Amino acid sequence: MGRPEQMSLLLPLRREARPKGEQLRLRAQALSNDLASRLAHPVKLVVTDNRSSVLTIREDDDAFHIRAHHIFLSAGDEVREALAAYALGRKKRSAGKRLDAFIDSNLEKIRSDPAASPRAPADPEGEHHDLKEIFEELNREYFGGKIAARIGWSSWGPRKHRRRRSIKMGTYLHDARLIRIHPALDDPEVPKYYLAWVVFHEMLHQLVPPVRKNGRTYYHPPAFRKLEKTYREAAQAKAWEEANFRRLLLPRSEE
């Protein structure tokens with residue numbers, strides 16, 4: 001066969017229990033055999049619950065190595081044929097569209113981020129800033145009280161005392177309607193207008209959800225960027241971030 005190739009279809013999706021036990025084994029074996037017949041080459045299939053990488057195909061001299069979400073166990077003939085064509089690189093655009101359509105029709109069957117559990121957010125009241133207060137002020141002023149979400153500080157994780165190369169200020173989990181803010185921002189030197197800008201950005205994700213287009217997911221489509229500019233102190237917040245970003249990267253013990 002040719003040089004190993006990696007192909008993935010990525011999508012943020014929802015929760016449902018996967019098939020288990022003997023049922024899972026038999027259906028996986030049937031799918032593996034069917035694909036091996038279509039590809040005229042051995043297939044090593046792994047069935048997953050992975051929400052971000054729904055389908056991954058790698059080819060080497062020995063076999064096609066396929067990691068597929070369990071939704072593909074119930075795929076019909078047309079989808080299996082598209083999967084085989086995609087693996088072989090034949091009619092890749094049309095095959096990809098067929099696979100995307102199949103994934104989109106099965107959104108309810110795919111697990112959400114496990115970080116979206118009810119215990120995920122910490123207390124919104126930090127040592128120096130109260131996230132709930134900021135959230136409620138923004139909701140009244142910019143969103144007419146329409147944003148329904150929980151908010152809390154995330155944990156420092158294993159890098160608390162190590163220098164970071166990057167920092168994700170905030171995240172929004174759609175399925176859980178959960179906003180998490182990095183604890184590095186719970187600092188008296190971080191101005192409230194900057195922290196509010198970060199919270200405002202995450203709140204916008206509920207108002208303008210991701211857009212799926214041409215096989216890609218866009219988390220900040222034009223409508224999002226347009227609304228982002230309506231935050232009154234956006235320019236001031238951006239300027240503060242540019243001037244202070246290096247300090248935010250320092251471990252807490254070095255600040």
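Visitor: How many bridges join β2 to β4, and do the two strands run parallel or antiparallel?

Guide: In this predicted model, β2 and β4 run parallel and are joined by six bridges. Two strands pair if there are at least two bridges between them, so β2 and β4 count as paired. One position to look at is Val43, which stands opposite Phe64 in β4.

Visitor: What makes β4 a mostly covered strand?

Guide: Strand β4 covers residues 64–69, and five of its six residues are buried, where buried stands for a relative accessible area under 20%.

Visitor: Why is Pro42 called partly exposed?

Guide: Pro42, in the loop between α1 and β2, has a relative accessibility of 46%. Partly exposed lies between the limit of 20% for buried and that of 50% for exposed, and therefore Pro42 belongs there. Leaving aside neighbours within four places in sequence, Pro42 is in contact with Asp62, Ala63 and Phe64, while its C-alpha atom is separated by 9.7 Å from that of Asp61, 19 residues apart along the chain.

Visitor: Why does Ala40 count as exposed?

Guide: Ala40 has a relative accessible area of 68%, and because exposed means over 50%, the word applies. Ala40 is found in the loop between α1 (21–39) and β2 (43–48).

Visitor: What is the phi of Ala40, and is it positive or negative?

Guide: The phi of Ala40 is near 55 degrees, a positive value in a residue other than glycine. Most residues other than glycine have a negative phi. A positive phi also appears at Gly89, which follows α2 and has a value near 75 degrees, but there the residue is a glycine.

Visitor: How do you know how the reach of α2 stands against the expected span?

Guide: Helix α2 (residues 77–88) has twelve residues, and from its first C-alpha to its last it reaches 17 Å, close to the 16 Å expected at 1.5 Å a residue. The buried residues of α2 include Val79, Arg80, Leu83 and Tyr86.

Visitor: How does the span of α5 compare with what its 16 residues should give, and why is α5 called largely enclosed?

Guide: The end C-alpha atoms of α5 are 22 Å apart, and at 1.5 Å a residue its 16 residues should span 22 Å, so the two values agree. As for enclosure, 14 of the 16 residues of α5 are buried, so the helix is largely enclosed by the rest of the structure. Tyr193, found in α5, touches Tyr231, Glu233, Gln236, Ala237 and Trp240, not counting residues up to four places away in sequence. The C-alpha atoms of Tyr193 and Ala237 are separated by 6.6 Å, although the two residues are 44 apart along the chain.

Visitor: Why is Glu189 called exposed?

Guide: Glu189, in the loop between β7 and α5 (192–207), has a relative accessible area of 55%; exposed requires over 50%, so Glu189 qualifies. Its C-alpha atom is separated by 9.3 Å from that of His128, 61 residues apart along the chain.

Visitor: Why does Ala149 count as partly exposed?

Guide: The relative accessibility of Ala149 is 22%, and buried means under 20%, so Ala149 falls in the partly exposed class. This residue lies in the loop between α4 (131–143) and β5 (150–153). Ala149 touches Phe135, Tyr172, Arg177, Ile179 and Gln206, not counting residues up to four places away in sequence. With Arg177 the C-alpha to C-alpha distance is 4.8 Å, at 28 residues apart in sequence.

Visitor: What makes both faces of β6 covered?

Guide: Gly170 and Tyr172 are on one side of β6 (residues 170–173), Thr171 and Leu173 are on the other, and all are buried. Four bridges join β6 to β7 (residues 178–181), the two running antiparallel, and Thr171 stands opposite Arg180 in β7.

Visitor: Which residues are closest to the centre of the second largest pocket, and which helix gives the most to its lining?

Guide: The second largest pocket has a volume of about 240 Å³. Ten residues line it, and the closest to its centre are Arg93, Lys97, Asp100, Asn214 and Gly215. Helix α3 (residues 92–104) gives the most to the lining, with five residues. By kind, the lining divides into five charged, three polar and two nonpolar residues.

Methods:
Residues are numbered from 1 along each chain as its sequence is written. This is a predicted model: local features need pLDDT of at least 70, side-chain atom pairs count only at pLDDT 80 or more; totals for chains, interfaces and linings use all residues. Side-chain values use heavy atoms; hydrogens and water are left out. The expected span of a helix is 1.5 Å times one less than its number of residues. Buried means under 20% relative accessible area, exposed over 50%, partly exposed in between (1.4 Å probe, protein chains only). On a 1 Å grid over the protein atoms alone, a cavity is a set of points where a 1.4 Å probe fits but cannot get out, and a pocket is an open set with protein on both sides within 12 Å along at least five of seven lines; lining residues have an atom within 4 Å of a point. Grid points are joined across faces, edges and corners, and a volume is the space filled by probe spheres set on the points. Ala, Val, Leu, Ile, Met, Phe, Trp, Tyr, Cys and Pro count as nonpolar, Asp, Glu, Lys and Arg as charged, and the others, Gly among them, as polar. Contact means heavy atoms within 4.5 Å.
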